[in-house]
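Here are a few notes to help you find your way around this structure. Keep the viewer open as you read, and take the points in order.

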Amino acid sequence: MGVTCVSQMPVAEGKSVQQTVELLTRKLEMLGAEKQGTFCVDCETYHTAASTLGSQGQAGKLMYVMHNSEYPLSCFALFENGPCLVADTNFDVLMVKLKGFFQSAKASKIETRGTRYQYCDFLVKVGTVTMGPSARGISVEVEYGPCVVASDCWSLLLEFLQSFLGSHTPGAPAVFGNRHDAVYSPADTMVQYMELFNKIRKQQQVPVAGIR
């Protein structure tokens with residue numbers, strides 16, 4: 001597990017999501033990247049149950065339960081601006097038992113699927129983000145394997161990102177600033193995916209169904 005940057009690639013003008021994904025993967029293959037299987041990251045949103053909020057008009061909290069095919073035995077539970085819990089896959093069963101405290105938001109499932117590419121020390125994943133049957137956007141994840149401290153390799157990551165994203169190259173992820181000299185972890189990648197999914201939801205004007 002190296003240092004990873006997750007970003008959104010805008011859909012090319014006059015192209016569909018799928019056509020833009022094909023343009024990106026073609027660029028990677030022209031650079032010399034080789035296909036290394038597929039990947040999937042998914043996210044389901046839960047909100048605190050109305051029965052736990054009392055009568056003070058408290059705002060409900062959102063929790064995001066996520067999975068990543070790179071870590072098939074793990075489940076990640078994240079609160080917005082809060083901690084990330086890493087558990088085993090039985091956590092999904094636990095959430096069913098906690099329905100008195102957390103309830104699944106309607107139509108909240110969002111995921112990205114696509115192809116993994118290896119290019120020297122870089123692992124690149126280009127995915128189509130979907131909600132239900134509809135393609136909503138494009139995710140790009142780049143991992144630099146030999147390094148585990150973000151501040152030591154961001155300039156190298158940035159240079160590689162620029163080689164195939166051009167003007168759409170992202171800035172440094174917010175999570176890098178929070179953990180400048182700390183060892184990078186899989187939870188940091190999941191925080192980036194949570195932020196990306198929420199950004200795409202807002203762009204599509206698909207709010208998470210909260211408490212009514």
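1. Start with the charged side chains: in this predicted model, a network of salt bridges links E70, R116, K125 and E141. The structure has 4 salt bridges in total.

2. Within that network, R116 pairs with E70, and their closest N and O atoms are 2.6 Å apart. This pair joins distant parts of the chain, since R116 sits in strand β7 (residues 110-119) while E70 is in the loop between β3 (62-68) and β4 (74-79), 46 residues apart. R116 is buried, at 16% relative accessible area, whereas E70 is partly exposed, at 27%.

3. K125 and E141 also meet in a salt bridge, at 3.3 Å from N to O. K125 belongs to strand β8 and E141 to strand β9, so the pair ties together parts 16 residues apart in sequence. Buried or exposed, these two? Both K125 and E141 are buried.

4. Have a look at R113 and E111 too, whose side chains form a salt bridge of 2.8 Å, N to O. Here R113 is partly exposed, with 49% relative accessibility, and E111 is buried, with 17%.

5. Now for the nonpolar side. The largest nonpolar core has 28 residues, and L24, V124, V142 and F164 touch the most other members. Elements giving two or more residues to this core include β1 (3-8), α1 (17-31) and β8 (122-131). Which element gives the most? That is α3, with 8 residues.

6. V142 is a good residue to click on: residues it touches include V3, F122, L157 and F164. Apart from this core lies another, of 18 residues, including V41, L78, M131 and L196.

Note on methods. Residues are numbered from 1 along each chain as its sequence is written. This is a predicted model: local features need pLDDT of at least 70, side-chain atom pairs count only at pLDDT 80 or more; totals for chains, interfaces and linings use all residues. Side-chain values use heavy atoms; hydrogens and water are left out. A nonpolar core is a set of buried Ala, Val, Leu, Ile, Met, Phe, Trp, Tyr and Cys residues joined through side-chain atoms within 4.5 Å. Buried means under 20% relative accessible area, exposed over 50%, partly exposed in between (1.4 Å probe, protein chains only). Helices (H or I, at least four residues) and strands (E, at least two) are DSSP runs, numbered from the N terminus. Contact means heavy atoms within 4.5 Å. Lists of a residue's contacts leave out its neighbours within four places in sequence.
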